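Me: I would like to learn how to read an interface. Can you take me through one, step by step?

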Amino acid sequence: MGGYILKRLGLAIAVALAVSMIAFLLLRLSGDPAIAIAGEGARSEDIEMVRKTYGFDRPLPVQYVEWLGKTLRGDFGESIYFKTPAAPLIFAKLETTMALGLLSLAFALALSIPLGVLAAVYRNSWIDRLCLALAVLGQALPNFFFALLLIMVFSITLRWLPVSGSDTWQHFVMPTIALGYYAAPAFMRLIRAGMIEVLEADYIRTARAKGLPASRVIFKHALRNAVVPVVALAAVQLGFLLGGSVVIETIFALDGLGYLAYQSITFKDFPVMQNIVLLLSVIYVVLTLASDVANAWLDPRIRVA
Amino acid sequence: MSAVLKPDAADAVLDVEGLSVDIATPSGPLRAVRDVSFQVGRGETLCIVGESGCGKSITSLAIMSLLPVAARRRATRLALLGEDLLAAAPRRVNALRGNRMAMIFQEPMTALNPAYTIGNQLMESYLLHRGGSTDKARERAIELLGKVGIASAAERLRQYPHQLSGGLRQRVMIAMALMCGPELLIADEPSTALDVTIQAQILRLLADLQKDLGIAMVLITHDLGVVARIAHRVAVMYAGEIVEEGTAERLFASPRHPYTRGLISCIPVPGRTKRGGRLGTIAGVVPSLVGEIRGCGFRDRCAHALAACESAAPLRSSGEHQWRCIHVELPE
Amino acid sequence: MSSSVTAAAAGVEPGGVVVAAPGIWRRVWKNKAVVVGGGLLLLIVAVALLAPWIAPYDPYAQDLANRNVPPFWYDAGGWAHPLGTDPLGRDYLSRLFYGARISLLIGVSVAIISGLIGTSMGMLAGYFGGRTDMAVSFLVTTRLSMPVILVALATVALVGGSLWVVIMVLGLLKWDRFAVVMRSATQQVRSLDYVAAAQAAGASTTRVLLGEVLPNVLPHLIVVATLEAASAILLEAALSFLGLGVQPPLPSWGLMISEAKSYMFFSFWLIAIPGAALALLIFAINLAGDGLRDLLAPEGRA
């Protein structure tokens, strides 16, 4: 399995580099970045000064290498809006967003695994159809709309949960639901399909022939084999959740990376914006790598080759 | 075929009478098993022989209550060691499976769960049915792996199925079936999927284990060679019915049913069959088993068929030898 | 020549796509998902196309004397504005109808643009394999590593927001699933006999790809296109909701929800109506897409 990991690692590094190039070039989209930073209506001397300070007058590849070097050393530049170094700012918020992401993932799995197993065991019955209907409905609801609905019900009407902020655990309940529910249908379908396939396998018949109770057959023997693709998907979905947190965090004013991203984009805080994109992409690459490794490890045929 | 009352019928390990299985299909019920009866006693091997699709596997699944959802089982009597399996609650059936009655299947390559070690899967049923510590279960597993002829058993326990060859996996399956000391072992074509040399080993192993442990064994096969090697009694199945049943010697010496005759004549015997001569065949195909079936199922392929075969194929017997045919004595 | 004649007689086009087989319309009819989803979708499309004629008011016409009038099922509402008015007095029903045009335009345009990009990449990768495949796979992996919403937000912020910017940005970002699915579909088809036959007959690569491969991967393409269209509609709604998508006064449903946010406590319908419309549209597209997938590749489903 070692060789497999090394190969995936090499690929991950290549992708991370490619992504860093894109993040770097993102800034150049608006035209002259010096003007963008100096602001509208700035005098040409100011623009020149900005250009020199940030090194925009050097050739592009040189700028890239310099920027990459500084970034790898942890120097993300300074936030134009907050006027503090960008790196500590970004990493401080990362914790909140990771927590939200993991909670949402856990919520999605807690919702989808039981439903997926039920749908598979009672395949083609009304239970199955109900689960699939829920899945389709879940995927049709826009997450920002659902978030607003949650606020209406739980904050305004019932007064159980706070609307915004990030101080207590109650502040995380609605964001977790609003972010996580969208991922549940995909998991549910995957589990259902996997279970249906696995339940037809010979070793399930063997397990039943040994007199194992139905619950043991389903959860120990079947689910263990059906869950393998779910682990791979979970790692990937975590990446999506982290990216999609922008909308949810902004609605709930949850003080995480997504909210910071929104602020940096609205206030044209380029160093912060650029580095958030880079950071999330690298996290994503790492998660994909982790998912590949987990996939291999879960299959004894690869692990103990 | 109603079971002939043998002197020790009351002690029969497995008592099957009037077993029928119908499978729901879009074009009507498929009568996969029709009024099958037999008994198996301690230390006895009953071989159920027949071609693919004759219903022999479904019979074994019906006994184990492992039928697919679309199948319906009916029987006059289905008893294991005198206990009625038909009326038994699902929990009771689970308590008996893997414990008092065990089954091994045809495909050893896919019969084991790839995600767990051999040891885990071996000890599982023992821990479930017998309780006790994992140490005791491990001891038992090692003992049985030794019995089935697997060397360095302790190491094997830690291995995963994919690390074993087909023959080894089948031995593990046999060991797994014997973990709780069952009185009945059903083996559905246990050697078919294996290499020819391994086949003989597995069959030898099963015969030895039976002698050693005194279990009742039902062995399902399509291969008459297997039957000749290992069976005490034989039941020949065709189109869902048992068409002939008797001891192995009687059956091979004087087969009464045209189908059995046809099967035996298909086997080339070295020395007796002339080189370049024609092998026996049975012309025709198995009839459709959907809907109502009347009379003898073999009549379309039988060289000795009469008009009366369309309505009945009466049960004949001669001592412990039974068969279904309009003829008492077949013309040569 | 004769093979295509016999093929046509059997109701199958030479490329293998079943066109006029006698039982096909019955199969379509029996597939509830396609019927319900497709029907709903057609209804929404009809409303969108006929909006200029069936909308009672100009969606941009403000009427400050009649702000936040509730829909007819409230006491304070009436039939003058059946779905009420928004904070600037604009008729909600008319804005709803016109909003459908925006959503559908986004869905279709993004599906087309990303479909063209992704399908070309996928088919080339699947057909040629080797280096081409490695290159495309690398590009796909790289694209998949980037958070789409963030990149879209940043791009729109840098370039300025408008309907066409949103379409271009999403179209240039959302080709990944097309590439992946088309690649594997092409790989499956590549080894089939009639492709080899066409190659042996000396057809150029383009002709083989367009003439033999494409018609046979078309079912997969359609299914992915419906999924991506739905996804694009949701993305645009989210972008507009955050203020970085379509700009006011365009009646994008996402924008309508955003504009109504501060009034939602008192005038819940202001967010409920466009939200429900979005959900309904996505539901219809997903349902029809699922049904299509069942129709076109039944073995692929559990």
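**Reading two interfaces**

Reply: Start with buried area. The area buried between chain B and chain A is about 2200 Å², and carbon and sulfur atoms give 55% of that. Keep in mind that this is a predicted model.

Me: Why begin with an area?

Reply: Because the size of an interface is often given as the accessible area lost when the parts come together.

Me: How many residues of chain B are in contact with chain A?

Reply: On the chain B side there are 27, and they meet 20 residues of chain A.

Me: What about salt bridges between chain B and chain A?

Reply: The count is two. One of them pairs E124(B) with K210(A). Their closest N and O atoms are 3.1 Å apart, inside the 4 Å cut-off for a salt bridge.

Me: And how many residue pairs are in polar contact there?

Reply: Between chain B and chain A there are 14, counting pairs with both residues at pLDDT 80 or more.

Me: Which helices of chain B each supply at least two residues to the side that touches chain A?

Reply: Helix 3 (118–130) and helix 6 (166–178) of chain B. Helix 3 of chain B gives the most, with six residues.

Me: How do the residues on that side of chain B divide by class?

Reply: The side of chain B that touches chain A has 13 nonpolar, eleven polar and three charged residues.

Me: Now look inside one chain. What does the domain assignment of chain B give?

Reply: Two entries. Domain 1 covers 9–100 + 182–324, and domain 2 covers 114–179. The C-alpha centres of these domains of chain B lie 29 Å apart.

Me: How do I read the interface between domain 1 and domain 2 of chain B?

Reply: Use the same steps. About 1300 Å² is buried between domain 1 and domain 2 of chain B, with 67% from carbon and sulfur atoms. In contact are 19 residues of domain 1 of chain B and eleven of domain 2 of chain B.

Me: How many salt bridges and polar contacts lie across the interface of these domains of chain B?

Reply: The rule finds zero salt bridges between domain 1 and domain 2 of chain B. It finds five residue pairs in polar contact, both residues at pLDDT 80 or more.

Me: Which elements of domain 1 of chain B give two or more residues to the side that touches domain 2?

Reply: Helix 2 (90–96) and helix 7 (196–213) of chain B. The largest share, eight residues, comes from helix 7 of chain B. By class, this side of domain 1 of chain B has twelve nonpolar, four polar and three charged residues.

Conventions: Residues are numbered from 1 along each chain as its sequence is written. Chains are lettered from A and ligands numbered from 1 in the order in which they are written. This is a predicted model: local features need pLDDT of at least 70, side-chain atom pairs count only at pLDDT 80 or more; totals for chains, interfaces and linings use all residues. Side-chain values use heavy atoms; hydrogens and water are left out. Contact means heavy atoms within 4.5 Å. Buried area is the accessible area (1.4 Å probe) that two parts lose on being put together, summed over both. A salt bridge is a side-chain nitrogen of Lys or Arg within 4 Å of a carboxyl oxygen of Asp or Glu. A polar contact is a pair of N or O atoms within 3.5 Å; within protein, one must be able to donate a hydrogen and the other to accept it, and residues adjacent in sequence count only if both atoms are side-chain atoms. Helices (H or I, at least four residues) and strands (E, at least two) are DSSP runs, numbered from the N terminus. Ala, Val, Leu, Ile, Met, Phe, Trp, Tyr, Cys and Pro count as nonpolar, Asp, Glu, Lys and Arg as charged, and the others, Gly among them, as polar. Domain bounds come from an automatic or database domain assignment.
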